[in-house]
Amino acid sequence: MDITPLYPRVIGLDVHQAKISACAIAEQADGTVTVEHREFGAFKRDRRALAEWAQAFGPMVVVMESTGVYWKSPYAALERAGIVAWVVNARHVKAVPGRKTDIADAQWLAILARAGLLRGSFIPPAELRHLRLISRQRQKLGGMLASEKNRLHKVLTDAGLRLNVLVSDLHGQAGRAMVKAIIADRPLAEILKPTGRLKASREELFEALQTDDLTAAHRFVLAEIMAHIEELEARLSRFETALLEGLAPWRSLLVLLQTLPGIDQIGAAMLLVEIGTDMAVFGSAERLASWVGICPGNHESAGKRKSGKTRKGNAWVRRLLCEFAQAAARSRCALKDKFTALTIRKGHKKSIVALAHKMLRIIYAMLKNHTHYQDRATDYEALIVQRNAPRWIKMLVKYGFITPATA
């Protein structure tokens, strides 16, 4: 590839599970180009040797593909040594024509980087990368918890119990108390003791809780599932506590994100560790949406718009944004109006993705300008005052700040 180099000294890394292949390309003062190949293992001493060799070579940039999770350890070793490292998208590498079949992956990466044909992907700072482990495991545990709750519903249905028909939340205070009483084989009179407000009458609950088909096997499985659910809930709580403690330096940004309808504290925390706190690394909301993979596809040929399918991106962020969009679509705000208008033309699923895209653009602007969300349809400050004013006035009268006559 005969191109004037932008980076005279580069290193390309081909990272595998058990070894790292490296290719260093350097342009000498007389214009000649030297190529050096090295191989390193995947253990700590090998990564340290890689960092020392790269530091001695003095590259302007080191590039590697984002192959699974194998790139993370070499990247951290190079980062600690103060070496500029890029993790590039394999899709960009494959899109460049002209590769010869006899060129190794590491050498091809070095050639492309030397010519300035690659750009590094977004990698958050080390502090946020460590918190990503907590956040992503928390998402996995949330999926496991939802699966176990669904399994509990199925086992109850298999036993002929239709409690979930009458109780809106089977895992609320009243619903869980009744399920535990069924597992413990308590009398119906004790199960139907009032444990909270329920719309169903005692007669309806009595009919739903007939345990004629409930066997010992059902009780055993229900007991194990319930124990697993409570264990997962306790574990989720510990993960959330650790995540929020780690994000203490960015507490103001967490509060800022929560002003957007549909985002709670944990959702804001999990989003922040994925996209980072500095929006300047993306440059624009469009690039952030493209990195996440939440924007419409751009496939146009001969003036005809073809597939608008979203591209691959950060699945963790995309899942969070869709959850935020689901919540925002049920709240009283301009985002709900947007969702309602989209649903007529696109249907529910596409409208959720479109609303998630819009919310990501809003989040970009909020983090970039450090401004809270201002809804054009609802004055949230007036709404809060309207809801709480009677209680506030009552407490002010109670403690003597105002008299009943002025109130």
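Which residues are linked with Arg-132 in a network of salt bridges? In this predicted model, the network joins Arg-132 with Arg-136 and Glu-274.

## Salt bridges across the chain

Side chains of opposite charge can pair when their charged atoms come close. With a salt bridge taken as a side-chain nitrogen of Lys or Arg within 4 Å of a carboxyl oxygen of Asp or Glu, the count comes to 12 salt bridges.

One of these pairs is formed by the side chains of Lys-19 and Glu-39, with a nitrogen-to-oxygen distance of 3.4 Å. Because Lys-19 belongs to strand S2 (residues 19-27) and Glu-39 to strand S3 (residues 33-41), this salt bridge ties together parts of the chain that are 20 residues apart in sequence. Lys-19 is partly exposed, its relative accessible area being 36%, whereas Glu-39 is exposed, with a value of 54%.

## Pairs that reach helices H4 and H5

Strand S2 also contributes Glu-27, whose side chain meets that of Arg-114 in a salt bridge of 3.7 Å, N to O. The pair links distant parts of the chain, since Glu-27 lies in strand S2 and Arg-114 in helix H4 (residues 105-114), 87 residues apart. Glu-27 is partly exposed at a relative accessible area of 29%, while Arg-114, at 15%, is buried.

A further salt bridge, with an N to O distance of 2.7 Å, brings together the side chains of Glu-79 and Arg-129. Here the distant parts that are linked are helix H2 (residues 72-80), which holds Glu-79, and helix H5 (residues 126-158), which holds Arg-129, with the two positions 50 residues apart in sequence. Glu-79 is partly exposed, with a relative accessible area of 34%, and Arg-129 is buried, with a relative accessible area of 16%.

## Helix H14 and its buried face

Helix H14 (residues 315-328) has 14 residues and spans 20 Å from its first C-alpha to its last, which is close to the 20 Å expected at 1.5 Å a residue. At the start of H14, a side-chain oxygen of Asn-314 comes to within 3.0 Å of the backbone nitrogen of Trp-316.

The residues of H14 that are buried are Val-317, Leu-320, Leu-321, Phe-324, Ala-325 and Ala-328. Viewed down the helix axis, these buried residues fall within an arc of 140 degrees, and they therefore line one face of H14. The buried residues of H14 pack against several other helices, namely H5, H12 (265-275), H13 (285-292), H15 (334-346) and H16 (348-369).

Conventions:
Residues numbered from 1 in each chain as written. Predicted model: local features only at pLDDT ≥ 70, side-chain atom pairs only at ≥ 80, totals over all residues. Heavy atoms only, no water. Helix = DSSP H or I, 4+ residues; strand = E, 2+ residues; numbered from the N terminus. Buried < 20%, exposed > 50% of the residue type's maximum accessible area, 1.4 Å probe, protein only. Expected span 1.5 Å × (residues − 1). Arc of directions from axis to C-beta. Contact = heavy atoms within 4.5 Å. Polar contact = N/O pair within 3.5 Å; in protein donor to acceptor, adjacent residues only side chain to side chain.
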